[in-house]
Amino acid sequence: MSKDSKQPHFTELVWESTEANIPIPPRNSPEPELPKSSSASIGKPKASTEPSLQLQLWDSETETPEPVTTTEGQFVTRAKELEHKTEDSALFVPFKSYWPTYGHMTGTQSRWYFYWRNEVRHGRYPKADLSYIFLHVYELINGVGWEDPYDGYRQLSQIWEAYRESYKRLDQYLGGWIADFSFVHHLDVPLSLIVARSRGLAGDLAELELMRCLTIAPDQLTFTVLTAMSDYDISKSKFYMGEGKDALEQYIPQVVALINAYVTRRHGSNLVEMFPPGPSVMRERYLFRSAVYDISLYGYSVLIPVVRISKSPPLRSLITRLFRLTENKLRELLGYRGRLKGVNVDADMDNLITRFLKREFEKEKQEDKGPAVVIDREKLERLQSDSEIVRTMLTVEDMNEMDELEDSEAEVITEEPKPVKEGINPIESLEPESAIEEVHATNVGTEWEQFASAISPLQRGALLALLKEDGRQALQKLAAANGTMSELLIDEINEIAMDILGDLIIDGEEIAEEYTTNLLNI
């Protein structure tokens with residue numbers, strides 16, 4: 001059947017009659033009465049002998065309706081067809097389109113796009129117009145170009161990071177789109193970077209990130225997210241606007257995480273549990289606004305449970321005081337004159353924060369100075385030379401003495417070792433390096449036993465966690481489960497190691513290689 005038969009048919013009707021002034025018949029009258037006229041037969045039109053026509057405005061045949069196609073749906077279909085298309089080389093051609101799709105590009109623009117997209121997929125980010133970038137982003141949010149959603153999230157984040165300095169408009173769109181991508185695919189990813197980069201998205205996203213960090217990942221708290229919890233506008237502080245900006249942004253999240261761990265350890269409840277913010281509120285979030293997005297994939301919107309954690313007055317009060325207290329401590333450590341007034345917190349919290357910040361600053365100073373032990377190469381070479389001389393002398397002496405011995409090799413092996421010369425300790429007859437190694441092994445064994453008995457079960461668990469392939473993540477989970485921070489555990493363990501072993505057992509977040517074997521036996 002042709003397409004014309006599926007379209008509506010329109011007919012123009014012209015009614016003609018010589019009859020006029022016909023009265024409306026009564027309701028109960030079966031037949032209308034026509035007025036009699038002597039001239040009725042004059043000029044009376046003849047009755048038509050043609051059969052009456054049944055007017056049809058559309059075809060009466062039953063047909064299966066065709067699926068409705070949208071521009072976005074057509075884009076996704078085409079994107080899947082071109083998913084693996086590449087170009088080995090191409091010339092850059094400018095491309096500007098409000099909602100870029102494949103049909104908006106010329107042949108040379110298409111060649112450049114598929115060359116550029118292949119480069120981006122391999123982690124290289126050459127210069128590109130914003131329309132090329134948006135076209136690739138549209139592919140990713142519509143499920144084209146990745147198999148695992150986490151890979152899609154990674155690609156979107158890397159594109160944003162690579163081009164956001166060149167195109168500020170990316171901050172306006174990509175933050176929300178990446179957040180939507182994580183919601184529809186139920187990804188467990190931090191939203192801190194999105195909140196930090198995307199102005200205007202701090203509302204629901206900040207609440208979600210605060211709740212996630214304060215309950216299961218306090219070590220991932222960020223300065224930007226925490227500002228939503230503070231009544232103190234730190235951005236207007238002269239100290240923040242000057243030399244204290246970097247220190248405040250670095251240490252305020254760590255201080256809040258420290259207090260969260262302290263409260264958990266002391267009271268058995270974290271900050272959110274101590275100051276419950278109220279039930280969650282279901283919020284409707286419209287997906288991928290202003291993007292070329294096919295709603296048949298993930299729907300028009302999603303419902304997100306949002307807890308208004310920033311609306312808890314006692315929790316806001318505590319976070320505000322921690323902001324101000326941390327600023328005062330940093331002002332003191334950096335030699336800045338003047339202090340904020342009216343900062344009142346628990347004395348134990350005050351002491352804990354003071355000790356923590358002082359230790360962190362001392363650690364930074366030590367790192368800036370370099371290693372505490374400096375090897376004098378000249379002395380080392382001289383000692384090695386002296387050792388070789390002693391080794392040679394003892395070897396000659398041993399050879400002369402061995403010539404005088406008549407014991408068989410079997411007897412030497414089976415009998416107890418005898419001193420070479422009377423009155424000389426067997427250890428003294430060994431070469432200098434061997435003797436040193438044996439004495440050192442004896443001392444280390446004793447010191448290691450002391451170290452093993454000095455650490456707590458939690459600290460022992462932390463050391464064993466660091467031996468795993470995912471040591472950092474394992475340590476963070478262990479610390480969070482026990483109401484503390486991984487950094488604090490590392491510092492505590494290293495302090496004990498310095499006191500007993502005279503060395504740091506954890507370097508950064510990894511076990512020092514020389515202690516790995518010992519740790520397997522604790």
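A residue is termed exposed when its relative accessible area is over 50%, buried when that area is under 20%, and partly exposed in between. The structure described here is a predicted model, and these cut-offs are applied to residues at its surface and in its interior.

Glu-510 lies in strand E4, which spans residues 510–511. Its relative accessibility is 58%, and Glu-510 is therefore classed as exposed. On the surface, Glu-510 gathers with Asp-507, Glu-513 and Glu-514 into a patch of negative charge.

A second surface patch is nonpolar in character: Tyr-286, Ile-295 and Tyr-300 together make an area of about 330 Å². Of these residues, Tyr-286 is placed in strand E1 (residues 281–286). Because the relative accessibility of Tyr-286 is 32%, this residue counts as partly exposed.

Leu-140 belongs to helix H3, formed by residues 130–141. With a relative accessibility of 0%, Leu-140 is counted as buried. The C-alpha atom of Leu-140 is separated by 6.3 Å from that of Gly-152, although the two residues stand twelve residues apart along the chain.

Helix H20 comprises 15 residues, from 486 to 500. The distance from the first C-alpha of H20 to the last is 21 Å, close to the 21 Å expected at 1.5 Å a residue. Several residues of H20 are buried, including the nonpolar side chains Leu-488, Leu-489, Ile-490, Ile-493 and Ile-496. Ser-486, Asp-491, Asn-494 and Ala-497 are also among the buried residues of this helix.

Key:
Residues numbered from 1 in each chain as written. Predicted model: local features only at pLDDT ≥ 70, side-chain atom pairs only at ≥ 80, totals over all residues. Heavy atoms only, no water. Helix = DSSP H or I, 4+ residues; strand = E, 2+ residues; numbered from the N terminus. Expected span 1.5 Å × (residues − 1). Buried < 20%, exposed > 50% of the residue type's maximum accessible area, 1.4 Å probe, protein only. Patch = residues over 30% accessible without salt bridge, like charges linked within 9 Å, V, L, I, M, F, W, Y side chains within 5 Å. Areas by Shrake-Rupley, 256 points an atom, 1.4 Å probe, with all protein chains shown as cover. Salt bridge = Lys/Arg side-chain N within 4 Å of Asp/Glu carboxyl O. Lys, Arg positive; Asp, Glu negative; His and termini not counted. Charge placed at Lys NZ, Arg CZ, Asp CG, Glu CD.
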